[in-house]
Amino acid sequence: MSSRPFLILGIPGSLRRGSYNRGLLRAAQEVAPECVQIELFELHEIPPYNEDVRQQGVPEPVARLNATIVAADAVLIATPEYNWSIPGVLKNAIDWVSRPPASTPLRRKPVAVIGASGGLSGTIRAQLALRQVLFSLESYVLPKPDLWVRNAGQLFDQEGRLIDEETRQRLHEVLEALVDWTERLRD
Ligand SMILES: Cc1cc2nc3c(=O)[nH]c(=O)nc-3n(C[C@H](O)[C@H](O)[C@H](O)COP(=O)(O)O)c2cc1C
């Protein structure tokens, strides 16, 4: 048995300073099982996708995102819901790492999808849209448990810390399931 921690790459699909989705990933770092380490990758520096630019060489932030996905055992994406779908910045980042299709680091990568919104839908439509994108890349998307965080404004404190115990417990269960899913896929 390796003593190396199980490495999860957390990607917040929001650039907002007070993002609930980044808060959700910070909470995941706090409630993670002992063997799990979660690193966050911020999407601020990923440029708009342009095939002409890619032909001239992959931009450094995209290369960094690619490498961190390769190095991770699994990926955890926390997506906001924008107009019933995923934010453009998240789709844009996935589009970058999806090319060329034969070598995308998301192919056969275990990925869990979670999300938080201020409203009642809890990002359910965005999560379904994100799952569809990930299926197109042949990612191994964790089927269950899912986590839709509704009314996020009431579950985080002024500093953006997730204070709702039930949601923290659900988050822990998602992480345990992601580790289990990854290990079963290796077998
Ligand atoms: C352009 C835009 C579209 C939005 N559309 C939805 C939506 O369809 N459903 C929803 O529940 N919330 C929607 N919202 C509200 C977001 O869920 C809310 O801003 C949330 O806090 C964003 O996630 P974040 O806190 O991680 O930035 C929208 C917000 C923006 C800026």
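Biologist: Before we start, what does "buried" mean here, and is F156 buried or exposed?

Modeller: Buried means under 20% relative accessible area. This is a predicted model, and in it F156 has a relative accessible area of 7%. That value falls under the 20% cut-off, so F156 counts as buried.

Biologist: OK, and how are the rings of Y20 and F156 arranged, stacked or tilted?

Modeller: A search of the whole structure turns up 2 aromatic pairs. In the pair of Y20 and F156, the ring centres are 5.3 Å apart. Planes under 30 degrees apart count as stacked and those over 60 as edge-to-face. Here the planes sit at 35°, so the pair is tilted.

Biologist: How many residues apart are Y20 and F156 along the chain?

Modeller: Y20 belongs to helix α1, residues 20-31. F156 is in the loop between β6 and α6. The pair links distant parts of the chain, with a separation of 136 residues.

Biologist: Which residue lies over the face of Y20?

Modeller: Y20 itself is partly exposed, with a relative accessible area of 27%. Over its face, at 5.3 Å from the ring centre, lies R16.

Biologist: R16 and Y20 are both around the ligand. How much of the ligand does the protein bury?

Modeller: Let's start with the contacts: a side-chain N or O atom of R16 is 2.7 Å from an oxygen atom of the ligand. W84 brings a backbone N or O atom to 2.9 Å from a ligand oxygen atom. Taken alone, the ligand exposes 620 Å², and of that the protein buries 69%.

Methods: Residues numbered from 1 in each chain as written. Predicted model: local features only at pLDDT ≥ 70, side-chain atom pairs only at ≥ 80, totals over all residues. Heavy atoms only, no water. Phe/Tyr/Trp six-rings, centres within 6.5 Å; stacked < 30°, edge-to-face > 60°. Helix = DSSP H or I, 4+ residues; strand = E, 2+ residues; numbered from the N terminus. Buried < 20%, exposed > 50% of the residue type's maximum accessible area, 1.4 Å probe, protein only. Lys NZ or Arg CZ within 6 Å of the ring centre and 35° of its normal. Near = heavy atom within 4 Å. Polar contact = N/O pair within 3.5 Å; in protein donor to acceptor, adjacent residues only side chain to side chain. Areas by Shrake-Rupley, 256 points an atom, 1.4 Å probe, with all protein chains shown as cover.
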